[in-house]
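Let's take a relaxed walk through a protein and the small molecule it holds. Have a look at the picture, then read on.

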Amino acid sequence: MGKFYLIIDGEKKTAEKSFGVINPATESVFAQAPDCSRQLLNLAVESASQAFNSWKIDEAARRNALSACADVLRSSAEELAEIYTQEQGKTLRQSKEELYWSAWWIDEVLSLEIPVDLAFEDEIKRHEVHRKPLGVIGSIEAWNFPILLAIAKIAPALLVGNTMVVKPSPYTPLTTLRMGELFSEILPPGVLNIISGGDQLGAWMTSHPKIQKVTLTGSVATGIKVYQSVASNLRRVTLELGGNDAAIVLEDNDPKEIAGEIFTRAFAQNGQICFAIKRLYVHENIYSEMVDELKKLAESVVLGDGSDPKVNIGPINNLMQLNRVIELTEDARDHGAKILTGGKRLDRPGYFFPPTIVTNISDGIRLVDEEQFGPVLPVISFIDENEVIERANANDFGLGGSVWTRNLEHGIELAARLECGSAGVNQHVDFHPKVPFGGTKQSGLGIKNGIWGLDDLCQLQVISIKK
Ligand code: NAD
């Protein structure tokens, strides 16, 4: 596996201190990551700041370099996936898929034009709207999809001419550092700096005077701290935070037909997806059939070390998250909920918790009201459509949501009433490089992906021309 380095100014740098990275399938430290000091952060920001002067100028060169980054990600996917599974816990197949997906993501971003809009024109004047890069962007990542979510920021930010300092989560720093090493062979020095460290390093980034914008993927609690910190020097910010997505299944569905997709969208990667289905509302008339189908699916999952090809779901990524899942499950049990299947940590090393279906539960219990970010799904019955929309909306989060029905028109009408950034009909959120993504309420601020995401990484400049 070799040693891991910070990537600063196009070079591999060591740090004085390091920290251990745990394989969640074994609970053992399997590698050390460099712990970036404040001095090294300053060096990274300075380097990104210098690189900005030339990187912002030549769009064609940026496109060529990013395209080469996509190629190297593809050709290194197998090697990177080995590290990825060990630090994140996802299966080797999921790790490879995410790496290929990330390479494709860069290609899709490159197919976007950076538009110049015409705001107004008459015989004597014309007002054009141009998109200009902001400068150095500080990007702070979560541990659930560390590569894809970093790429979804890096590709558009670099395309429009910004330079970056990227900090992966302390739980999953290694693949990002190695990816940075590969990219440093392609990108000019300083364009993309990768630094690993704990939460304190993130806090130093958000208050750094030369970082023009901070983009965070993380929890609401961190989002609030980051927002407060950037406010002190009026920096821009994008916050991609948590979710508590409701999926609403109307009575015209056949549970056998849709249970598979619903199960996948709730339990893929152990439910550690910001827009996973986290509350499932099912019409009373099909409730017990739906629950039976979900139970069968939950019991068919092979849970284990993601490096074993027979396994379909790996461990939860970290102990803190596992403990949260246990706490919310126990709280639901104490409040009279029925744990239909699963519900207990596996008695073996590793952060394993089986897919868990919870019934006899409703709003007002923590497992329904809060984000579990884990493999425990509360299934809640409803009778009245208007009431269930109100219940879905009565939550501080507003990331995604969905309505499942054979009546598409009615589905669209109900989906439009959900208070969330992405509302699906017969599918949950479709995370796509051309489709805007962002949350309402406490799920975040700002938008990523597509042309709307480019705008979030640019300063609009009006050029007014007198003819
Ligand atoms: P977290 O908030 O604990 O950490 C996220 C990152 O912020 C880490 O790199 C961490 O080191 C850093 N950080 C922590 N404190 C900081 C501070 N004071 N200043 C600056 N940086 C700081 O979140 P997590 O546990 O890694 O991720 C899980 C959460 O992320 C869930 O709530 C999930 O829903 C959310 N998430 C959201 C999206 C989205 O796009 N909306 C995507 C993935 C995950």
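In which pocket does the ligand sit? It's the largest pocket. Keep in mind as you look around that this is a predicted model.

## Who surrounds the ligand

There are 30 residues around the ligand, and those that come nearest are D199, S219, T222, L241 and E371. Sort the shell by character and you get 14 nonpolar residues, nine polar ones and seven charged ones.

Which elements give two or more residues to this shell? They are the helices α7 (199–206) and α8 (220–231), plus the strand β10 (213–217).

## Polar contacts with the ligand

Now zoom in on three of those nearest residues, S219, T222 and L241. S219 uses its side chain: one of its polar atoms there lies 2.7 Å from a ligand oxygen. T222 does something along those lines, with an N or O atom of its side chain 2.6 Å from an oxygen atom of the ligand.

What part of L241 lies 2.7 Å from a nitrogen atom of the ligand? Here it's the backbone, through an N or O atom. How much of the ligand's accessible area does the protein cover? On its own the ligand has 850 Å² of accessible area, and the protein covers 92% of that.

## Two residues with a positive phi

Next, try finding L234 in the loop between α8 and β11 (236–240). Its phi is near 55 degrees, which is a positive value in a residue other than glycine. Is L234 buried or exposed? L234 counts as exposed because its relative accessible area is 75%, and the cut-off for that label is over 50%.

N426 is another non-glycine residue with a positive phi, this time about 60 degrees. Look for N426 in the loop that runs between β19 (422–425) and β20 (440–441). N426 has a relative accessible area of 31%, so it's partly exposed.

## A proline in a loop

Finally, go back to the stretch between α7 and β10: the loop there holds P209. Because its relative accessibility is 51%, P209 counts as exposed.

How far apart are P209 and L174 in space? Going from C-alpha to C-alpha, the distance between P209 and L174 is 27 Å. Along the sequence, these two residues are 35 residues apart. Try picking out both of them in the structure and tracing the chain from L174 to P209.

Conventions. Residues numbered from 1 in each chain as written. Predicted model: local features only at pLDDT ≥ 70, side-chain atom pairs only at ≥ 80, totals over all residues. Heavy atoms only, no water. Near = heavy atom within 4 Å. Polar contact = N/O pair within 3.5 Å; in protein donor to acceptor, adjacent residues only side chain to side chain. Areas by Shrake-Rupley, 256 points an atom, 1.4 Å probe, with all protein chains shown as cover. 1 Å grid on protein atoms, 1.4 Å probe; cavity = no way out; pocket = protein on both sides within 12 Å on 5 of 7 lines; lining within 4 Å. Sits in = over half its atoms within 2 Å of the grid points. Helix = DSSP H or I, 4+ residues; strand = E, 2+ residues; numbered from the N terminus. Nonpolar A, V, L, I, M, F, W, Y, C, P; charged D, E, K, R; others polar. Buried < 20%, exposed > 50% of the residue type's maximum accessible area, 1.4 Å probe, protein only.
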